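Colleague: I've got a new model open on my screen and would like to talk through how it is put together. Could you take me through it, question by question?

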Amino acid sequence: MEEGKLNIQEWFPTVIGFAVCPFYKDIKKDVVKYIKSFKKPHVYSNHYESKKIKKLNDCINDKVKEYAFVHNFKELKPFEGWFNIYQKNTYQKYHTHYGSTVSTNFFVESSISDVHTVFRNPVSYQANAWGMNTQQADKSELFNQYTFQTCSYVPLEGAILIFRSHVEHGTDLKTTDSSRITLNYNYK
């Protein structure tokens, strides 16, 4: 370290994994058919064990293994699964996945112009170091990688988000008619 120079060290980061399933276009039709066969917009089940979507589940599990390896976690296993079919004028309220270590969000069917998945900074600031008022609080130019209060991900079809389950996340109100389906798992 150079004497007199400030050395920035990053501790306690919020790590979000992002990957695109390379063969998703080849299996999308079968995955959508599987989900729509339930004829409900939200179903909790052991989807992670389904032979009908095994190829996708193997891809998701492989990416979770990579994420766990980067964190030096023990092997993680899925124990909860569900899907969400979002309709216009619906949203996902902000929430966490209590009792889980890692959670996933896979975009089964979506449009990049649709509502994003938003993550909130798990560190709540007690002081207003920026000297801003409430109207300025969502101006991203006031923040940087160390101080952003949220980050959002475009719902890219075939992409998976992997994150620590304690990180609060949700969506804004869906305003488009396009289809938005997510397949989600919790691991511990």
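Colleague: Let's start in helix α2, then. How far apart are Lys63 and Glu66 in turns of the helix?

Modeller: Keep in mind that this is a predicted model. Lys63 and Glu66 form a salt bridge, with the closest N and O atoms 3.1 Å apart. Both sit in helix α2 and are three residues apart, so the separation comes to about one helical turn.

Colleague: Are those two buried or exposed, or something in between?

Modeller: Buried would need under 20% relative accessible area, and exposed over 50%. Lys63 has 25%, and Glu66 has 46%. Both values fall between the cut-offs, so Lys63 and Glu66 each count as partly exposed.

Colleague: Staying in α2, which residue does Asp58 form a salt bridge with?

Modeller: Look four residues away in the same helix, about one turn from Asp58. The closest N and O atoms of that pair are 2.7 Å apart. Asp58 is partly exposed at 33%, and its partner is partly exposed as well, at 46%. That partner is Lys54.

Colleague: What about pairs that link distant parts of the chain: how many residues apart are Lys28 and Glu157?

Modeller: Lys28 belongs to helix α1, while Glu157 is in the loop between β6 and β7. Their closest N and O atoms are 2.9 Å apart, and they form a salt bridge. Lys28 is partly exposed at 22%, as is Glu157 at 29%. Along the chain, the two are 129 residues apart.

Colleague: Which residues are linked with Lys28 and Glu157 in a network of salt bridges?

Modeller: A search of the whole structure turns up nine salt bridges. The Lys28–Glu157 pair is one of the links to start from. The network also takes in Lys36 and Glu109.

Colleague: On to the strands. Which are the edge strands of the six-stranded sheet?

Modeller: The sheet is open, with antiparallel pairing and the order β1-β7-β4-β9-β3-β2. On average, neighbouring strands are turned by 15° against each other, ignoring direction. An edge strand pairs on one side only, which here gives you β1 (16–20) and β2 (42–44).

Colleague: And inside the sheet, which residue of β9 does Trp82 stand opposite?

Modeller: Trp82 falls within β3, which spans 78–86. β3 and β9 pair in the antiparallel sense over eight bridges. Across from Trp82 in β9 is Asn184.

Colleague: How does α1 sit on this sheet, and at what angle does it run to β4?

Modeller: Helix α1 covers residues 24–36. It lies across three strands: β3, β4 and β9. Against β4, the helix runs at about 100°.

Colleague: Which residues touch the most other members in the largest nonpolar core?

Modeller: That core has 29 residues. Helices α1 and α2 and strands β3, β4, β7 and β9 each supply at least two of them. A second, separate core of seven residues includes Ile16, Phe107, Phe119 and Ala159. Back in the largest one, the residues you want are Tyr24, Leu56, Ile60, Phe106, Val108 and Leu183.

Colleague: Last one: which residues is Ile60 in contact with, leaving aside its neighbours within four places in sequence?

Modeller: In soluble globular proteins, nonpolar side chains tend to be buried together. Ile60 is one of the residues touching the most other members of the largest core. Its contacts are Thr104, Phe106, Ile160, Leu183, Tyr185 and Tyr187.

Notes
Residues numbered from 1 in each chain as written. Predicted model: local features only at pLDDT ≥ 70, side-chain atom pairs only at ≥ 80, totals over all residues. Heavy atoms only, no water. Core = buried A, V, L, I, M, F, W, Y, C linked by side-chain atoms within 4.5 Å. Buried < 20%, exposed > 50% of the residue type's maximum accessible area, 1.4 Å probe, protein only. Contact = heavy atoms within 4.5 Å. Pairing = 2+ DSSP bridges. Axes fitted to C-alpha atoms, helices over the stretch in contact; angles between N-to-C directions. Salt bridge = Lys/Arg side-chain N within 4 Å of Asp/Glu carboxyl O.
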